[in-house]
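Reader: I would like to learn how to read strands and cavities in a model. Can we go step by step?

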Amino acid sequence: MDYKKLGRTDLKVSALCLGTMTWGEQNSQAEAFEQMDYAVDQGINFFDTAEIYAVPPKAETYGATEKIIGNWFAERKNRDQIVLASKVAGPSPAQTYIRGEIARFNRKHITAALENSLKRLKTDYIDLYQLHWPDRNVNIFGQLGFDHRNEEVITQPEETLGILDDLVKAGKIREVGISNETPWGAMEFLKLAGEGKGPRMVSIQNPYSFLNRSFEVGMAEIAIREDLGLLAYAPLAAGVLTGKYLGGARPEGARISLFPDNKRYMGERAEAAVQEYVSLAEKYHLDPAQMALAYVRTRPFVTAPIIGATKMAQLKTNIASAEITLSEEVLSEIDTLGRRHTIPCP
């Protein structure tokens with residue numbers, strides 16, 4: 001397992017990050033423990049979670065994933081061996097159950113969110129605390145065009161960064177990051193940090209895969225020049241890039257089989273692109289999932305793809321992708337497909 005620096009910090013994280021969002025919904029605590037044990041044995045020291053997990057988010061499972069991780073820390077006594085990332089939820093009218101109202105990135109909500117996460121995780125600190133999505137209207141979660149709203153209630157980035165600064169100084173978080181963010185948002189936080197108004201963001205967690213390479217437009221240069229490495233979520237596009245949903249197949253227990261409303265990586269354009277990527281993998285005797293993960297992992301603006309699995313066989317395949325090196329021929333054909341299938345699933 002390779003390791004990389006997290007931003008400009010001294011923290012070294014594994015080249016694969018273990019995603020956790022199915023724990024407490026599709027996976028039991030026992031299954032989650034098995035996944036964490038195996039991942040650590042394979043050299044993974046980087047876990048990512050969030051206060052709203054498990055997914056799909058709902059009141060009944062809010063915080064369930066963090067509780068499972070906290071129980072694992074309590075049993076394994078190995079908190080100091082893991083670089084732990086979590087997130088505070090941004091505003092969502094559908095998630096007022098979190099703190100009884102729409103969440104904001106103000107002192108009340110960030111402080112409450114962090115304290116509750118620390119309790120669930122059974123730890124005194126979080127290594128990387130991320131803003132899960134912006135506290136303003138932006139084009140994310142499948143939206144390409146930006147719909148500006150002249151009148152909107154937002155918490156200014158300067159205020160949010162000041163709150164995070166206090167929490168870093170208190171020793172409750174070590175580093176801070178952003179997620180589902182835009183080039184403007186990333187540069188605004190970096191500018192404020194440069195002016196001495198709070199900690200510097202060390203990472204950005206956005207979607208990136210063969211089906212969604214929008215990060216390359218604008219954000220990739222920022223990630224490289226500012227050492228704001230991408231933690232790529234959905235590198236397998238919710239499992240779609242394995243090819244298991246091709247031809248309308250719906251495997252029992254698979255995420256899209258269980259949650260058919262999850263259509264971000266579905267549709268005719270996605271189907272056509274996935275078919276070609278899977279055929280390319282087969283041509284070179286590669287596992288489609290491993291090819292997809294190896295590609296994401298080796299992009300110069302990526303710190304680590306976030307891998308998730310509901311079954312141990314899937315997890316083992318995903319982690320083994322760390323040993324895959326794609327040939328120049330494969331990379332060339334991937335780029336050809338990328339030009340033909342331009343962001344089919346934003």
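Author: We take one strand first, then the cavities. Keep in mind that this is a predicted model.

Reader: How many residues of strand β5 are buried?

Author: Buried means under 20% relative accessible area. For β5, residues 83-88, six of its six residues are buried. Read the two faces next. Val83, Ala85 and Lys87 point one way, while Leu84, Ser86 and Val88 point the other way. Both sets are buried, Lys87 and Ser86 included.

Reader: Which way does strand β4 run relative to β5, parallel or antiparallel?

Author: Look for the bridges. β4, residues 46-48, runs parallel to β5, with three bridges joining them. Asp48 sits opposite Ala85 of β5. Between the two strands the chain passes through helix α2, residues 64-76, in a right-handed β-α-β crossover.

Reader: What pairs with β5 through four bridges?

Author: Strand β6, residues 126-131, in the parallel sense. Val88 has Leu131 of β6 as its bridge partner. Helix α3, residues 107-121, completes a right-handed β-α-β unit with β5 and β6.

Reader: Now the cavities. How many of 30 Å³ or more are there?

Author: Two. The largest holds about 90 Å³ of space. Leu131 is part of its lining, as are Phe105, Arg136 and Glu181, among others. By class, that lining has six nonpolar, two polar and three charged residues.

Reader: What lines the second largest cavity?

Author: Its lining includes Val240, Tyr245, Met266 and Glu271. Seven lining residues are nonpolar, one is polar and one is charged. The space there is about 70 Å³.

Technical notes. Residues numbered from 1 in each chain as written. Predicted model: local features only at pLDDT ≥ 70, side-chain atom pairs only at ≥ 80, totals over all residues. Heavy atoms only, no water. 1 Å grid on protein atoms, 1.4 Å probe; cavity = no way out; pocket = protein on both sides within 12 Å on 5 of 7 lines; lining within 4 Å. Points joined across faces, edges and corners; volume = space filled by probe spheres on them. Nonpolar A, V, L, I, M, F, W, Y, C, P; charged D, E, K, R; others polar. Buried < 20%, exposed > 50% of the residue type's maximum accessible area, 1.4 Å probe, protein only. Pairing = 2+ DSSP bridges. Right-handed = clockwise from strand over helix to strand, strands pointing away.
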